[in-house]
Amino acid sequence: MSERDVARDARRDELAERLAAVRARLAAAARAAGRPPSDVVLLPVTKFFPASDVVLLYELGCRAFGESREQEASAKIAEFRESVADPVQWHMIGRLQRNKARAVARWAHTVHSVDSAKLTRALATGVRAAYDAQERSDPVRVLLQVSLDGDTQRGGVLAAELPLLAAEVAGAEELELGGLMGVPPLGWEPDRAFEQLAALHERLREEHPEASELSAGMSGDLEHAVRWGSTCVRVGTAVMGSRPLA
Ligand SMILES: *Cc1c(COP(=O)(O)O)cnc(C)c1O
C-alpha cells in the first residue's frame, strides 16, 4: 500500500469511529426524550475539511453534508463529483449574503439560514436562473433562521417577524418552506434557547404544517436540542475532529 492509501485508511477509521460515537449519542438522546432515533437526522458539517473527507463520509453511508461558505462549498462539490457520481444533498448552513444567492442556488438542496425577505427574493431569483440554465429542476428547501435574543447581527430574523417571512417563502414557487433553524445565543443555557425555539416552531407549524424540520443542535449541545424536538443536528467537530490548520 502506498503512503497515501495508509493515510486514507487511517482517516477513514477515524471518521468511522467518530460517526459511530455521534450516532450513539444521538440514539441515547432520542431514547432519553422518548423519541425514535429515526426522528433525528445527522447532518455532518464538512466546512474547513477537504473533499476527500466528504468522499470517505459518503463511503461510510452519509448522503447529506453541511457547508457554511459558498466559495468553499462550490469548489469542494466540484471535486467531490469527480469521485462520486451519485447525487447527494448539500446544505447551506452558514450566513448567506444576497450576492451569493445565485451561486448557492446551483448546489443547495436546503438553505438553513434564510432570515430576510430580501434574501428570500434573491434566492428565488437564483433558483429561477438555475432552472433556466438547467442546473437544477426542483425548488430549494428553505429553513428560516430565527434570532432568539434579538441580536440580528449574528444572523436570524426576529421572532416577531417570522410569520411574515414564512408567508414570503411559502408564496415563492421556487422555494419550499421546510422549517426553522436556530443557534443558542452566546451565554445562554442551551435548554432555554431550544425551548424557545421549539415554541416558535410549534407556532410556525400551526400556519404551515409542512414546515416540519427543526434544525437545532451542534457538537456541544445536541442532547439538549433533541430533548426539545430537533429533527436535524448539524455536527462539525464531533464528526470531523478539530479544524485542520489553514
Ligand atoms: C460550523 C457550524 C455547525 C457545526 O458546529 P460544531 O460545533 O463544529 O458541531 C453547526 N451550525 C452552523 C450554523 C455552523 O456554522
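User: How far is an oxygen atom of the ligand from an N or O atom in the side chain of T237?
Analyst: In this predicted model, the two atoms are 2.5 Å apart.

User: What about S219, how far is a polar side-chain atom there from an oxygen atom of the ligand?
Analyst: The distance for S219 is 2.5 Å.

User: And K47?
Analyst: An N or O atom in the K47 side chain is 2.8 Å from an oxygen atom of the ligand.

User: How much of the ligand's accessible area does the protein cover?
Analyst: On its own, the ligand has 390 Å² of accessible area, and the protein covers 80% of that.

User: Which residues surround the ligand?
Analyst: The surrounding residues are K47, I93, M218, S219, R234, V235, G236 and T237.

User: How does that shell split by class?
Analyst: The shell around the ligand comprises 3 nonpolar, 3 polar and 2 charged residues.

User: Which pocket does the ligand take up?
Analyst: The ligand occupies the space of the largest pocket.

User: Changing topic, what does UniProt list for residues 19-244?
Analyst: The UniProt record, an unreviewed entry, gives "domain: Alanine racemase N-terminal" for residues 19-244.

User: What is the helix and strand content of that span?
Analyst: Residues 19-244 are 43% helix and 18% strand.

User: And how far apart are its end C-alpha atoms?
Analyst: The end C-alpha atoms of residues 19-244 lie 18 Å apart.

Terms used. Residues are numbered from 1 along each chain as its sequence is written. This is a predicted model: local features need pLDDT of at least 70, side-chain atom pairs count only at pLDDT 80 or more; totals for chains, interfaces and linings use all residues. Side-chain values use heavy atoms; hydrogens and water are left out. A residue is near a molecule or strand if one of its heavy atoms lies within 4 Å of it. A polar contact is a pair of N or O atoms within 3.5 Å; within protein, one must be able to donate a hydrogen and the other to accept it, and residues adjacent in sequence count only if both atoms are side-chain atoms. Accessible areas come from the Shrake-Rupley method with a 1.4 Å probe; for residues, only the protein chains shown count as cover. On a 1 Å grid over the protein atoms alone, a cavity is a set of points where a 1.4 Å probe fits but cannot get out, and a pocket is an open set with protein on both sides within 12 Å along at least five of seven lines; lining residues have an atom within 4 Å of a point. A molecule sits in a cavity or pocket if more than half of its atoms lie within 2 Å of its grid points. Ala, Val, Leu, Ile, Met, Phe, Trp, Tyr, Cys and Pro count as nonpolar, Asp, Glu, Lys and Arg as charged, and the others, Gly among them, as polar. UniProt positions are given in the numbering used here, feature names are shortened, and annotations may be inferred rather than shown by experiment. Helices (H or I, at least four residues) and strands (E, at least two) are DSSP runs, numbered from the N terminus.
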